[in-house]
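Here's a quick walk through the fold and the metal site. Have the viewer open and follow along.

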Amino acid sequence: MSDKEVKILAIESSCDETAAAVVVNGREVRSNIISTQIPLHTLYGGVVPEIASRKHTERINQVIQEALREAGETLDDVDAIAVTYGPGLVGALLVGVAEAKAIAFAKNIPLVGVHHIEGHISANYIENPDLEPPFLCLVVSGGHTHLVRVKDYGEYEILGHTVDDAAGEAFDKVARSIGLGYPGGPKIEKKALEGDADAILFPKAKVADHPYDFSFSGLKSAVLNYINGATMKGETINEADIAASFQKAVVDALVDHAMLAIDEFGCDKFAIAGGVASNGAFREAMRAACEKRGVKFYHPSPILCTDNAAMIGAAGYYDFIQGKRDGWDLNAVPNLKLGER
Ligand code: KG4
Ligand code: ZN
């Protein structure tokens, strides 16, 4: 198996991107097609699950066809199908899972169900040929904030997670409160460039007795209270200062947790992943903090941070070579825990 190329067709449909990719040996991306539904959901201020499922159904065949065409492959050339089966929106996941099963069944190709967060972590393998476990990884997306010890391929220990809102969710909610719309992360990042990050001191929440857990709902409430207070006093609100100060509070909390884990576990490699990992201020703060400790810092390109299928192909490859296979009973698992199968 090791001398032969393993070509994986990967499918991702857990939220609001319909995506397919062809990935060779887990690290070489031959195609990475993403059909985003963001403009559609923007009309409603967030993802509407039923609309997401319907759009996935409408687009998935074309997206897969395009991924194969761009890679110069056909279904006959594919060694395995990898598909996200959780966590995510159940109706959205089902579209990808049903599609993957249909192709695997019709073509008699092995099927591998992939954990979405494992996909985000594995996005780091694609552009960093030197990156191998063990390392520490902070996964920060719209649905997840997980500090993870990657002990080996497919072997994870969750050190901490959010006890309320995910980091990306906090970005989305605060963006809405200052009229920036969905998705909030990129809009806050842009607005923050015009603002003063030290203008407003927002709390950097900690969770008592759980140093690796995160909490962002208090920070979100502090921003809302600040806006309400200022409005009641008839003061003008400086959205750029709010965006910059809020972003700094999130970034500081993320970096503090990451450094605590580095100091305790003594790992020499640290990676970030997920939609929020495309945030420039976060990346630079992490890079500086890691450099100070002599720790090598990794992050995927923005296109591999937000949801995509190339990362599912990377994770699926390591599952595949470890012999993991799923049967025709593979189902969507909306609350799938990392490390569970
Ligand atoms: O990983 P992802 O595409 O989907 C999930 O698995 O959740 O992450 C989407 C999240 C959204 O909450 C979005 O606001 C946030 O990532 N995000 C950002 C940035 N780009 C996307 N947050 C901060 N700064 C960004 N540049
Ligand atoms: Zn994601």
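## The sheet

Two strands count as paired if DSSP finds at least two bridges between them. Keep in mind that this is a predicted model. Now take strand S7 (residues 145–152): 6 bridges join S7 to S8, and the two run antiparallel. Along that pairing, Arg149 sits opposite Glu157 of S8.

Zoom out and you'll find that these strands belong to an open sheet of 5 strands, with mixed pairing and the order S8-S7-S6-S9-S10. Strand S8 (155–161) and strand S10 (296–298) are the edges; each has a single partner strand, so one side of each is left without a neighbour in the sheet. On average, neighbouring strands here are turned by 20° against each other, direction ignored. Helix H9 lies across S6, S9 and S10, and runs at about 170° to S9.

## The nonpolar cores

Which residues have the most contacts inside the largest nonpolar core? They are Leu138, Phe246, Phe270 and Met286, in a core of 49 residues. Several elements each supply at least two residues of this core, among them strand S6 (135–140), helix H5 (167–177), strand S9 (269–273) and helix H9 (280–292). Helix H8 gives the most, with 14 residues.

Phe270 is a good residue to click on. Leaving out residues up to four places away in sequence, Phe270 touches Leu136, Cys137, Leu138 and Leu147, plus Ala258 and Ile262. Its list of contacts also includes Met286, Cys290, Val295, Lys296, Phe297 and Tyr298. Apart from the largest core lies another one, of 37 residues, including Val114, Ile121, Cys137 and Ala315.

## The zinc site

Now for the metal. Which protein residues act as donors to the zinc ion (ligand 2)? They are His116 and His120, both through NE2, and Asp307 through OD, lying 2.0 to 2.1 Å from the zinc. The site has 4 donor atoms, and with angles of 95 to 134° among them the geometry is tetrahedral.

In sequence, the donor residues follow the spacing H-x3-H-x186-D. His116 and His120 are 4 residues apart in helix H4 (residues 116–127), so about one helical turn separates them. Are these two histidines buried or exposed? Both His116 and His120 are buried.

Definitions and conventions. Residues are numbered from 1 along each chain as its sequence is written. Chains are lettered from A and ligands numbered from 1 in the order in which they are written. This is a predicted model: local features need pLDDT of at least 70, side-chain atom pairs count only at pLDDT 80 or more; totals for chains, interfaces and linings use all residues. Side-chain values use heavy atoms; hydrogens and water are left out. A nonpolar core is a set of buried Ala, Val, Leu, Ile, Met, Phe, Trp, Tyr and Cys residues joined through side-chain atoms within 4.5 Å. Buried means under 20% relative accessible area, exposed over 50%, partly exposed in between (1.4 Å probe, protein chains only). Contact means heavy atoms within 4.5 Å. Axes are lines fitted to C-alpha atoms, for helices over the stretch in contact, and angles run from 0 to 180 degrees between N-to-C directions. Donors are N, O and S atoms within 2.8 Å of the metal (3.2 Å for Na, K and Ca); water is not among the atoms, so sites may look incomplete. Four donors count as tetrahedral if all angles lie between 85 and 135 degrees; four count as square planar and six as octahedral if opposite donors are over 155 degrees apart and all others between 65 and 115; anything else is irregular.
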